[in-house]
Amino acid sequence: MATTQETKPDLVTLTIDGKSARVPKGTLVIEAARQVGVMVPHFCYHPKLTPDANCRMCLVEIEKMPRLQTSCSTPVAEGMVVKSAKSDQVEAARKSVLDFILANHPLDCPVCDQGGRCDLQDFSHEYTATKSQFQELKRVFQKEYFSPLIETQMNRCVQCLRCVRYCDQVMDVKALAPVGRGTLTEIKAFGTHELDCEFCGGCVQICPVGAITSRMSMYEFRPWMLKRADSICGYCGDGCQITYQTKNNSLIEVSSTHGSGRNNGDLCARGYFGYHVSEHPERIQTPLIRQGETFQPAIWEEALEQVGQTLLAIKQQHGPDAIAGLITGRCTNEDLYVFQKFMRGVVGTNQIDSSVRYGHLNGVRALQRVQGTHRWTVSFDDIVEADVLLLVGTNVTETNPITGLKIKEAVKRKGAKLITIEALQPAVGTISNIVNLAHHHFGVRADGFQGAVLALMKSVLETRGMAEDVKASATAYGNDLMAQLSGLAWSRLENRTGYSLSDYGHAASTFCQGKKVVILVGQDVLRASGGYGMTMNLLDLLLLTGKLSNPGCGVAPLAEENNDQGAFEMGAVSDVLPGGFSIDHAESRTAVSKHWGRSIPDSSGGALPQFLERMQSGAIKALLVVGENPLGSLPPVSGIEQALEGLQLLVCQELFMTETARKAHVVLPVCSSAEKEGTFTNTEGHVQAVRKAVEPVGDGRPDWEIFSALSIIMGDSMEYGDVKEIGKEIRNVLPGIRPLGPTPIPSKPDAMVVCGYVGGEYRRDLDSRYRLIDEQPDFSDELLVSLRQSLFHSGKFSLKADGLLKVESEGKLYVHPDEAARRNIGEGDQVDLCNDRGTIRAKVGLRERIPMGMAVFPEHFDQEMRGLLSYAVDPETQVPYYKLAQARIVKV
Amino acid sequence: MNVKEWIKTLTFYEILLGMKATLSHLLKYRPITMQYPHEKKSLPSNYRGMLALLRYDDGTEKCVGCDLCEAACPSRVIRVVSAEVPGEPTKRYSKEYYMDMTRCLFCGLCVKACPVDALGMTQEFEWAVYDKRQLHLNKEQLLAIGDRAYPVREKRLEFQHPNVAYFNVGFKNIPEKDIQ
Amino acid sequence: MIFEQLQNEVTAILARYPVKRSALLPLLNLAQAREGYVSEPAMREIAKLLDLTPPQVFETVTFYTMFNLKPIGTFHLQICKSLMCALVGSDDLVAWIKNQLDIGPGQTTSDNMFTLSVVECLGSCGTGPMMQVNDDYYEQLTEEKLKRIFDDLRRDGTCSLKSGPFMYPESAAK
């Protein structure tokens with residue numbers, strides 16, 4: 001029913017302070033007033049939250065209504081005449097409301113961090129008389145330690161409960177509660193315990209007064225001292241807009257304004273409290289050149305000369321294919337573009353790879369193969385508007401918290417149905433859990449998603465059949481897939497996943513009822529064996545149900561790093577040209593090389609796993625590593641250590657001395673994302689501007705400058721004046737990359753490609769995709785250890801962020817309390833994890849959301865844990881899989 | 001020109017008029033020049049002399065590091081670095097406080113702006129120095145000026161009225177803020 | 001794990017409500033009846049039972065004055081301080097108790113026998129000053145009466161002066 005009403009909403013005309021407003025029916029008076037430029041003062045109202053009308057500040061006079069009305073909870077009506085600023089009665093009411101609030105609010109503005117940007121301050125300057133009617137003493141709360149990152153001063157609280165409602169309605173964390181009653185209500189966590197929550201900073205941002213402030217920058221600034229720079233967060237793929245606030249060239253605070261960016265002003269702990277990373281004292285200040293066992297500081301000319309000459313010598317002696325490059329998806333599009341242009345055009349090799357290879361490539365490749373686009377066909381707005389959301393292995397609230405917020409909004413506010421296939425199980429905890437909101441949840445082990453995906457597909461197709469047009473236009477495709485699915489016995493699927501035919505049936509009927517279906521694929525799928533096949537299967541599912549090309553429907557693989565999507569689009573992958581074209585595609589190769597005026601080698605070079613082999617065999621003599629840390633992220637089984645040993649030249653462009661950088665011959669300091677200009681492409685394919693907030697630390701330079709300088713030394717000059725020039729070239733080479741709209745226009749599936757796919761291309765790996773992966777032998781004694789991203793960290797990078805370390809400073813092996821009890825282990829106990837690859841020691845943490853038989857370890861602290869991991873390479877996409885391990889757990 | 005003016009000109013009336021004060025002092029001698037370094041002029045009570053930071057009667061400094069003086073100063077004399085008092089979480093103070101007196105106009109706006117009356121203008125004006133850098137004063141120097149210029153001190157804000165008892169107080173048993 | 005022995009009661013309470021969190025107040029009552037106050041482990045356990053977070057339970061407990069967050073004495077003296085009783089001397093009552101037991105509002109005697117609270121109207125306005133001791137009303141109190149009540153309570157655990165509760169018709173009929 002809801003879908004039929006999605007025509008133009010009825011408009012209502014009303015008059016506010018003599019100005020005529022025409023707004024959709026159901027708009028609140030305060031919102032209508034804002035639209036015609038009448039600012040109604042308020043504390044408790046916020047557009048993101050449901051109206052509470054508890055502060056009484058927004059009282060307005062409405063003709064023909066007996067009393068003053070709260071404009072934040074009154075919807076507009078036809079012909080309404082509202083008086084706000086022009087009514088004496090309203091003025092008097094606001095005065096008395098403020099008098100009541102100030103009866104208890106301390107006048108400590110001078111020592112309050114909100115002073116200067118405080119709603120209460122502004123309104124009292126506007127409305128209050130300077131003398132209060134109240135002679136009574138002000139209320140005083142006992143101050144207690146609240147949390148390491150967030151500070152409360154409850155004496156200042158005006159009890160608008162915005163923080164509490166934000167924590168519940170938007171974040172779904174419910175960590176704050178109004179405790180007590182009446183004027184003595186205070187915001188607390190639980191008893192006298194300190195706050196333990198997601199630390200999204202939302203309460204700090206939404207507090208209209210200084211009751212909740214950030215401890216990170218406490219007392220270091222006054223609002224009028226700060227300089228602002230709107231930029232993009234450098235942690236996950238969500239691409240949130242953040243505003244760096246700086247004072248004297250140091251980062252003071254990060255904020256995000258309501259209504260701006262893809263995140264609409266919401267941030268997560270990483271974005272809000274993780275900004276100190278770029279000012280960490282351990283930042284590399286100058287170029288470093290290895291002298292024996294130690295590094296000597298050098299000047300840029302010296303270091304670049306050494307790198308350039310060595311590269312040139314290796315190229316001349318061993319050919320360009322003796323040089324390889326690895327870049328991180330944390331760089332800007334411009335850096336990535338210049339990097340691959342340097343490697344391809346100047347060095348002359350396609351041996352480049354980036355962190356897309358660690359997983360995101362699986363998703364992008366599948367999208368490209370089935371629907372011909374490398375971007376999502378949906379945007380965040382489509383997620384919010386979706387009817388049915390299917391989440392597969394996303395753990396979205398931790399890996400991509402803002403995408404998670406969109407899902408929460410869709411489910412909690414818009415009534416979308418949520419189906420989850422996740423390793424987690426529903427449990428209320430200190431951080432939100434998307435599974436709690438699911439209407440149909442399939443809690444399968446981290447290595448068993450495939451079974452659940454296939455079972456759901458089978459159920460959908462068996463109960464509802466495929467869409468009529470697919471049946472007609474792609475009969476062979478449909479029949480082949482049906483045959484594959486019917487080849488899977490229900491008993492096996494039920495056995496494998498632990499859910500019954502009817503469970504899948506219910507979920508399937510929900511799935512089929514959805515008009516707008518968005519499938520989100522997360523890292524647990526993309527980074528685990530079979531990830532590519534599973535994404536393909538999910539695309540098949542949409543295709544078979546005829547939803548793939550419907551607007552608002554699509555498969556959306558979630559990117560882990562902030563610019564993974566950009567790294568693919570800029571061609572920082574061995575077999576991908578800028579624009580996502582295949583290197584084997586001669587036409588696009590010619591087109592790009594014409595733009596560059598340089599030839600592009602046609603051999604595809606090989607991906608990261610091949611580099612490792614070629615490095616071990618000595619075929620690769622030099623490796624450029626830009627912001628990556630292969631030694632710190634790949635497991636020892638991959639042979640990374642031996643591979644790096646044999647290199648003649650290892651160059652690292654880094655912010656910090658990583659494990660890999662310590663082995664390097666030359667280390668070059670670079671700029672963090674707060675220190676350079678450029679663009680990031682977020683997971684939905686939205687290109688957004690990154691702006692410079694502070695000057696680089698030490699001699700750091702943007703990565704592209706380094707490549708540009710190297711190209712000159714190597715005698716094949718590739719000069720750029722600034723980032724804008726690179727941007728211009730990118731837009732010439734890739735006309736599709738048009739950045740900086742307020743909202744992205746999602747790409748559409750390419751009908752030609754879809755046709756080709758259903759016409760026969762699908763057959764290539766059909767059998768392997770629809771064969772259940774062999775069952776892991778079930779060791780009742782062993783745990784499946786899964787390395788996962790934690791909410792409070794992003795890669796190894798954020799381990800330098802003081803704020804985040806205060807929340808999570810060590811890796812714990814998280815298991816279910818019952819699992820721990822079964823093994824007689826308690827919280828904080830030391831355990832040994834052992835398998836045939838080795839033994840490591842870890843501390844145990846208890847979390848109810850972890851299923852039995854599984855353990856989760858945050859991947860950021862995995863130095864030792866990597867020794868246990870199994871390692872496999874995807875035959876199709878060459879993605880290395882190394883996030884899972886089977887291990888015995890022994891109490892020490 | 002009439003006769004009256006002729007007479008005035010002939011009798012040097014204007015000159016006499018102009019010399020009236022001089023001549024009267026000739027008759028009634030009283031020295032006016034002050035022997036400055038040896039003699040000191042008494043200054044009006046609201047004289048705007050050297051700035052100083054003040055203390056409460058128990059010796060704690062009044063300044064809460066609110067930066068309002070810095071904001072009020074028209075010639076950017078003041079620089080405040082505020083921070084949390086070590087060991088007393090959520091209590092604010094000025095970790096560093098600098099005044100570049102070479103730029104000061106002695107307008108007194110900073111004193112007016114101060115919410116806790118931590119700044120005062122003393123009667124001191126003899127601040128000639130050989131090196132301008134000596135006029136760049138830090139917190140200790142400013143407090144020292146205050147100490148000698150304001151011997152009578154207020155009692156602590158906390159004890160002045162119950163409503164300001166919790167104006168800027170820390171609390172106990174808490175880990176300290178260690179991010180700098 | 002206070003609800004482990006109360007499985008039946010918990011199931012019965014949960015069955016009464018279509019929405020789980022509606023069972024919050026009855027469960028809190030149950031916890032208080034069991035331990036005399038609502039303890040933190042109890043709040044955590046209730047939160048888990050109802051899919052709430054502990055702060056949400058805590059919020060509710062602190063809103064209602066009849067839930068105790070601290071252990072209380074054997075006898076909970078609740079003195080009505082609302083207007084009617086105040087007019088006939090509930091302040092004196094507090095003073096007498098201070099005199100006899102040496103406790104003020106919110107305090108417990110050192111022998112853990114009596115805890116004094118000051119509460120809003122108990123609906124016995126015609127017979128003030130009055131107090132409620134656990135579930136029993138004592139009305140038209142005087143200093144001598146109080147002394148007798150405390151002596152009796154200490155000795156027998158009950159006192160013949162009690163005149164209630166009249167909150168439920170069925171107990172009034174007894």
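Let's start with a pair of helices in chain A: α2(A), residues 88–104, and α3(A), residues 119–127, have axes that come within 10 Å and cross at roughly 130 degrees. At that angle the two helices are neither roughly parallel nor roughly antiparallel, since the antiparallel class begins over 145 degrees; α2(A) and α3(A) are therefore oblique to each other. Their crossing is left-handed. If you would like to find the contact in the viewer, look on α2(A) for A:R94, A:K95, A:L98, A:I101 and A:L102, and on α3(A) for A:L120, A:F123, A:S124 and A:Y127. Sorted by class, the residues of this contact comprise 6 nonpolar, 1 polar and 2 charged. Please keep in mind as you look around that this is a predicted model.

Now step back to the whole of chain A. These two helices belong to a chain with 31 helices and 34 strands. Chain A has a radius of gyration of 29 Å, and the globule rule gives 29 Å for 892 residues, so the chain is as compact as a globular protein of that length. Measured out along the principal axes, its C-alpha trace spans about 90 × 70 × 60 Å. Burial can be added to this picture: 58% of the 892 residues of chain A count as buried. As for how the chain folds back on itself, take the contacts between residues at least 6 apart in sequence; 74% of them join residues at least 24 apart.

Chain A also has a neighbour to visit. In its meeting with chain C, 12 residues of chain A are in contact with 11 residues of chain C. On the chain A side, the residues touching chain C divide into 8 nonpolar, 2 polar and 2 charged.

Chain B is our last stop. Here you will find 6 helices and 5 strands, and following the sequence you meet them in the pattern α-α-α-β-α-β-β-α-β-β-α. The radius of gyration of chain B is 26 Å, whereas a compact globule of 180 residues would have one near 16 Å. The spans tell you about the outline of this chain: along the principal axes, the C-alpha trace of chain B covers about 95 × 35 × 30 Å. Of its 180 residues, 23% count as buried. What share of the contacts in chain B with a separation of 6 or more comes from residues 24 or more positions apart? For chain B that share is 72%.

Technical notes. Residues are numbered from 1 along each chain as its sequence is written. Chains are lettered from A and ligands numbered from 1 in the order in which they are written. This is a predicted model: local features need pLDDT of at least 70, side-chain atom pairs count only at pLDDT 80 or more; totals for chains, interfaces and linings use all residues. Helices (H or I, at least four residues) and strands (E, at least two) are DSSP runs, numbered from the N terminus. The radius of gyration is taken over C-alpha atoms; the globule rule is 2.2 Å times the number of residues to the power 0.38. A residue is buried if 20 or more other C-beta atoms lie within 10 Å of its own, exposed if 12 or fewer, and partly exposed in between; C-beta atoms are placed from the backbone. Two residues are in contact if their C-beta atoms, placed from the backbone, lie within 7 Å. Axes are lines fitted to C-alpha atoms, for helices over the stretch in contact, and angles run from 0 to 180 degrees between N-to-C directions. Angles under 35 degrees count as roughly parallel, over 145 as roughly antiparallel, 65 to 115 as roughly perpendicular and the rest as oblique. A crossing is left-handed if the near helix is turned anticlockwise from the far one by less than a right angle, and right-handed if clockwise. Ala, Val, Leu, Ile, Met, Phe, Trp, Tyr, Cys and Pro count as nonpolar, Asp, Glu, Lys and Arg as charged, and the others, Gly among them, as polar.
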